[in-house]
Amino acid sequence: MSVLPLGRSRTDQELRPQQRRNRRRNLRAALLFISPWILGFLVFTLWPVLYSGYLSLTDYDVINDPNFIGLENYGQMLEDPKIRLALWNTFIYTVFSVPVHIIVSLLLAMLLNRVTGRASGFFRTVFYLPKMTPPVAIGILLLLLFNGQNGLVNGVLGWFGIPGPSWTTDPAWIQPGLIIMSLWTLGASTIILLAALQNVPQELYDSARVDGANSWQTTWRITLPMISGSLFFLTIVNTIAAFQTFTEAYTAYFGSGNSTYSNDAALFYAIYLFQQAFEFLHMGYASAMAWLLFVIVLVVTIIQMVVGRRMVYYEGDGNG
Amino acid sequence: MAETQLERAVALPPSDLAKERPRTRPPRRRRGNPLARILTWAGLGLATVMFTYPLLWLVSASFKPRSDVFDNKLIPETFTFENYLTVWQEAPLALWLGNTAVVTVLSAVLVTLSSAMVAWGFAYFRFRGRDLLFGLVLATMMLPGAVTMIPTFLIWNGLGQVGTLTPLWAGNLFGSAFYIFLLRQFFLGLPRELFEAARMDGANNWHLFTRIAMPLCKPALVVTLLFEFQAAWTDLMRPLIYLRDSSTFTIPRGLKALLDQFGFGGNWHWEIVVTASVITTVPMIILFFLGQKHFVRGIATTGSKG
């Protein structure tokens, strides 16, 4: 009998009759093991999703019972200038941060792929380190490093004779600051891409070189197609995350402390939703906002999947 | 939280976490070109400075007197422990750290055990509708947290738990889609023979899980523990939603309160904010160095199959 991993199950013919009789008992045992998730799914996913749909059609402030108002929340969202602002900010943040994030991660991964042994381990550690920093602390670092008068960033720009802007107070520069700061934690993506690069079979490069391809050509014709699956994955995941970005911007620009300057430029969708729900107690309105976010994320992900399917090379697929 | 979970969520080759993968490519590309080598090292060096300097800056600033915090010198001109004493007096830090420890340990342990159970249920047993059900597990990862956030709050509010630490960890009793996925991938790589042999020897289902499967997948369990430990420690949104009294704060929530009070808030004491940031961050850095191998391998294996 060959060794069969659990991942490959035996066909019915291979099962002995006694095992087949055990099936019913099997089902009971399986459900027992899965029961924590089933319970959690019903209570903390399925019911909340349905109830949130209902709440989005009501006016609800937690204290008084939900008051059914039909689609009024959705109508109100169309006229709320802050929704438009929050959507725009989130859109800009996503459109700029995600591609830059992936391109820089890829460049670093390619550099890292040229180094081996101890040095490679050292750099991987260093690149991942910022990812361990709590997002609250990253929000604070943003305020400190990008401080207009005496922050480190403007200090460095000063060496090159560039007068740095007021990153944290000038509405035009708040977004760029947030985007740049978000790049600080791209080390995890670099490590994912490095793993993908290391999985590209060396024979491909060898035969390409025999055919006279230079490294520019091998990068575009071999490397990128071979790691397109990982690039695609990172694009989807980072886009979804960017749509929901909250903690760093909330820490730096919202909360009870800040009243000195306009933070409109940092009003991301998740922040406005949070304010509506838990600061203004507009639970119905916030639920409607959550559903809009859900639909946007879903639509964007589906578009990416459709486009991605054409561009991603899967091994054995033959349509690279 | 949703973002970090998703970020790690893609086909993990079975049992990949157990072993270091051999490099498929011999590492001797283009030794010959000195310019390329110089550029490589320069690029990596620059990146190293970018990634580490902010943290070094933060630690260094925490040892500077108030007037020097922004002097951007790596070595403090006047070295002082004063800030740490001040923070300790200004804020109930021991309490916050204690609360965070409770939430973090409970979250990590509970989610690891429950996810492992569920993952085992999906990996070992075969029953009708299994793949459909597992598809549902994966589908929940796509759901933005905002959709369930409000009703979940209402559940805890109804149970009178708002203002306590319970909502921050109790949901972890029910497993978490990403970890279920990760651990199942791992279980799928175990040889079925092992379990059939154990069954011959009279082991029941529970024994198969606790005595054979769990010990064999220790590396994946460690990855789960570490990832959740970090997620629970650094979370801000849920403490913002559920915690009211400063005595119940976790350390990130407390740090935000300190920022609001001493950062802007009219009285500019950035040295307090800086020092509290260091105190919040250092445990994660320690965690990272303790479990470095697991973090890097865990993250590397997640994205490897499109």
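Reader: How much area is buried between chain A and chain B?

Author: About 10400 Å² in this predicted model. Carbon and sulfur atoms give 73% of that buried area.

Reader: Why quote an area lost for an interface at all?

Author: It's a common habit: the size of an interface is often given as the accessible area lost when the parts come together.

Reader: Ok, and how many residues of each chain are in contact?

Author: On the chain A side there are 119, and they are in contact with 113 residues of chain B.

Reader: Which three residues of chain A supply more of its buried area than any other three?

Author: A:Leu6, A:Phe33 and A:Trp37. Together they supply 9% of the area that chain A buries against chain B.

Reader: Which helix gives the largest share of the side of chain A that touches chain B?

Author: That's helix α2 of chain A, residues 23–55, with 22 residues on that side.

Reader: And how does that side divide into nonpolar, polar and charged?

Author: You get 79 nonpolar residues, 31 polar ones and nine charged ones.

Reader: How many salt bridges does the rule find across the interface?

Author: Zero between chain A and chain B. Polar contacts do turn up there, though: eight residue pairs, counting pairs with both residues at pLDDT 80 or more.

Reader: Then how many salt bridges does the structure hold over all chains?

Author: Five. One of them joins B:Asp71 to B:Lys64, with the closest N and O atoms 2.8 Å apart.

Reader: Are those two buried or exposed?

Author: B:Lys64 is buried, because its relative accessible area is 0% and the cut-off for buried is under 20%. B:Asp71 has 23%, so it counts as partly exposed.

Reader: What's the general idea behind such pairs?

Author: Side chains of opposite charge can pair when their charged atoms come close.

Reader: Which residue does B:Asp235 form a salt bridge with?

Author: Its partner is B:Arg238, and the closest N and O atoms are 3.1 Å apart. B:Asp235 is buried at 11% relative accessible area, while B:Arg238 is partly exposed at 23%.

Reader: Where do B:Lys256 and B:Asp260 lie?

Author: Both sit in helix α13 of chain B, residues 251–263. They are four residues apart, about one turn of the helix. Their side chains meet in a salt bridge at 3.0 Å, N to O, and both residues are buried.

Reader: Changing topic: what does the secondary structure of chain A come to?

Author: Chain A has 15 helices and two strands. For chain B the tally is 14 helices and zero strands, so reading from the N terminus every element is an α.

Reader: What share of the residues in each chain is buried?

Author: For chain A, 51% of its 320 residues. For chain B, 57% of its 306 residues.

Reader: And how much accessible surface does each chain have?

Author: Chain A exposes about 15300 Å², with carbon and sulfur atoms supplying 62% of it. Chain B comes to about 12600 Å², and 66% of that belongs to carbon and sulfur atoms.

Reader: Among contacts between residues at least 6 apart in sequence, what percentage joins residues at least 24 apart?

Author: In chain A it's 67%, and in chain B it's 73%.

Reader: Now the backbone. What is the phi of A:Leu281?

Author: It is positive, about 55 degrees, although A:Leu281 is not a glycine. For context, most residues other than glycine have a negative phi.

Reader: Where is A:Leu281 placed?

Author: In the loop between α14 (269–279) and α15 (283–311) of chain A. A:Leu281 is partly exposed, with a relative accessible area of 30%.

Reader: What about B:Asn72, what phi does that one have?

Author: B:Asn72 has a positive phi of about 60 degrees, and it is not a glycine either. Its place is in the loop between α2 (34–62) and α3 (82–90) of chain B. At 22% relative accessibility, B:Asn72 counts as partly exposed, because buried would need under 20%.

Conventions: Residues are numbered from 1 along each chain as its sequence is written. Chains are lettered from A and ligands numbered from 1 in the order in which they are written. This is a predicted model: local features need pLDDT of at least 70, side-chain atom pairs count only at pLDDT 80 or more; totals for chains, interfaces and linings use all residues. Side-chain values use heavy atoms; hydrogens and water are left out. Buried means under 20% relative accessible area, exposed over 50%, partly exposed in between (1.4 Å probe, protein chains only). Contact means heavy atoms within 4.5 Å. Accessible areas come from the Shrake-Rupley method with a 1.4 Å probe; for residues, only the protein chains shown count as cover. Buried area is the accessible area (1.4 Å probe) that two parts lose on being put together, summed over both. A salt bridge is a side-chain nitrogen of Lys or Arg within 4 Å of a carboxyl oxygen of Asp or Glu. A polar contact is a pair of N or O atoms within 3.5 Å; within protein, one must be able to donate a hydrogen and the other to accept it, and residues adjacent in sequence count only if both atoms are side-chain atoms. Ala, Val, Leu, Ile, Met, Phe, Trp, Tyr, Cys and Pro count as nonpolar, Asp, Glu, Lys and Arg as charged, and the others, Gly among them, as polar.
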